[in-house]
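Reader: Before we discuss anything in detail, could you show me the model and take me through how its features are to be read?

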Amino acid sequence: MVKKLRNDCFALPAGVHWTPVDEALDRLEHAIETVVEAGLVDLSQASRRRLATAPLALRAHPPAANTAVDGYGFAHTSLSGEGPHALALIEGRSAAGAPFSGAVRPGAAIRILTGAILPEGVDTVVLQEDVEVDGKTLHFSGRIKPGANCREAGEDMVQDQPLLRSGHVLRAPDLGMLAAAGVASVDVFDHLRVGVLSTGDELMQPGQTAHAGQVYDANRPMLLDMIDGWSHQAVDLGAVGDDRDAVRARLNEAAERTDAILTSGGASAGDEDHVSALLRSEGSLSNWRIALKPGRPLVLGFWKDTPVFGLPGNPVAAFVCAALFARPALSKMAGGDWLIPDAVMVPAAFSKSKKPGRREYLRARLTDDGRAEVFASEGSGRVSGLSWATGLVELGDEAVDIAPGTPVRYLPYSGLLN
Ligand code: AMP
Ligand code: MG
């Protein structure tokens, strides 16, 4: 008699504890600490570095009251109601970098250009487009508010104010702000060095000739780039076959020059799963059997005090596990925050029913009208679906029945890859 697979053959084995994703994340968050040192670097070298100390504004921004437009400045008390107003235009002007040193008396106005300091006696500016100049008299009409078109000293940043919190990753807008506040150097954490090692006898490298039984190493370039996107220093540890001594030697070498190691493949409990076997027998294996699809098998352990994220070999599962577990953990190790992926609720453009007991991530992208469609196949070897997608749909641990229009959690790649 031919043995027929039961339709629940992929269900979780009874009586075995599968750790829920949130519990595994919680344990990981508490197990991980910052491991890098900090030091001062020039602002020009600070892009994408994590702050170790909150930088303070070295001066107010703007440092002095100035005009936001090209126009004419005067004291607001020189006006009465709607006007028409006629003010005596005085000699001279105030320009950015070339302020007017005299005072402007009540009833008079002065030519003033964007960014120029308000001369003494000036608190309001009228736009040049709204006035007529007749010889030495300025004419305009209409009600104008006191302080119109002017920027106050310190309205943007106050001197000595902390500008960003420690742990923040510096991006282009931050560098602009810091420079505006006169900050020339910042106290940032050193780069976290994260190694990437592929394992498997079947792996060939792109450019090599591969026979039908071999596959190209897809995980290594993917993981190295993810690490780069997370603003760590990616260390390429190459690929190694399913050979315990070779894996051990590579891990030993990696532990010397990295702060964390991502391996892929060999994390299951099979004969050729040397990563999990080695961590169990010679390192420490702290967490596995996580109730997650795709994501099994995931191993979290230590090799000579260096954390090892033993990711599954299947590229889709490796991607999901790296994004979910390695991303927040590495961020915290690097001095940053424990990261929670960005998520938005969007209507589903698909149908699916899911059993309780594990969390699932589907490769997804948004349609033009903002619904999430999912990749045709859930096969975790289908790396093309990862590239097709622009994010993941997260289905909770409980049972769900999704029909078109059902709200689902969508995690954009922009959140997972940064
Ligand atoms: P493993 O986790 O070692 O049992 O591998 C599971 C599946 O992922 C197998 O089909 C492997 O050939 C495949 N695989 C493992 N490592 C890689 C890799 N670096 N790139 C692409 N596929 C891989
Ligand atoms: Mg393998």
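Author: Let us begin with the shell around the ligand: the residues surrounding ligand 1 divide into 5 nonpolar, 7 polar and 2 charged, where Ala, Val, Leu, Ile, Met, Phe, Trp, Tyr, Cys and Pro count as nonpolar, Asp, Glu, Lys and Arg as charged, and the others, Gly among them, as polar. This is a predicted model, in which local features need pLDDT of at least 70 and side-chain atom pairs count only at pLDDT 80 or more, while totals for chains, interfaces and linings use all residues. Residues are numbered from 1 along each chain as its sequence is written, chains are lettered from A and ligands numbered from 1 in the order in which they are written, and side-chain values use heavy atoms, with hydrogens and water left out.

Reader: How many residues surround ligand 1, and which are the closest?

Author: A residue is near a molecule or strand if one of its heavy atoms lies within 4 Å of it. Here 14 residues surround ligand 1, and the closest are Glu 202, Asp 217, Ala 218, Gly 266 and Gly 313.

Reader: Which polar side-chain atom lies 2.5 Å from an oxygen atom of ligand 1?

Author: A polar contact is a pair of N or O atoms within 3.5 Å; within protein, one must be able to donate a hydrogen and the other to accept it, and residues adjacent in sequence count only if both atoms are side-chain atoms. The atom you ask about belongs to Glu 202, while a side-chain N or O atom of Asn 219 is 3.3 Å from a nitrogen atom of the ligand, and Gly 266 places a backbone N or O atom 2.9 Å from a ligand oxygen. Ligand 1 taken alone exposes 490 Å², of which the protein buries 74%, with accessible areas from the Shrake-Rupley method with a 1.4 Å probe and, for residues, only the protein chains shown counting as cover.

Reader: How many salt bridges does the structure hold?

Author: A salt bridge is a side-chain nitrogen of Lys or Arg within 4 Å of a carboxyl oxygen of Asp or Glu, and the structure holds 20 of them. In one, Glu 82 and Arg 143 have their closest N and O atoms 3.8 Å apart. Glu 82 lies in the loop between β4 (71-74) and β5 (85-94) and Arg 143 in the loop between β9 (137-140) and β10 (150-151), so the pair ties together parts that are 61 residues apart in sequence. Helices (H or I, at least four residues) and strands (E, at least two) are DSSP runs, numbered from the N terminus.

Reader: Where do Glu 253 and Arg 257 lie?

Author: Both lie in helix α4 (residues 244-257), 4 residues apart, about one turn of the helix, and their side chains meet in a salt bridge at 3.4 Å, N to O.

Reader: Are the residues of strand β16 buried or exposed?

Author: Buried means under 20% relative accessible area, exposed over 50%, and partly exposed in between (1.4 Å probe, protein chains only). In β16 (residues 260-264), 5 of the 5 residues are buried, so the strand is largely enclosed by the rest of the structure.

Reader: Which strands pair with β16?

Author: Two strands pair if DSSP finds at least two bridges between them. Strand β12 (residues 193-199) pairs with β16 in the parallel sense over 5 bridges, and β20 (residues 306-311) does so in the parallel sense over 4 bridges. Leu 262 is the bridge partner of Val 196, and Leu 262 also stands opposite Phe 309 in β20.
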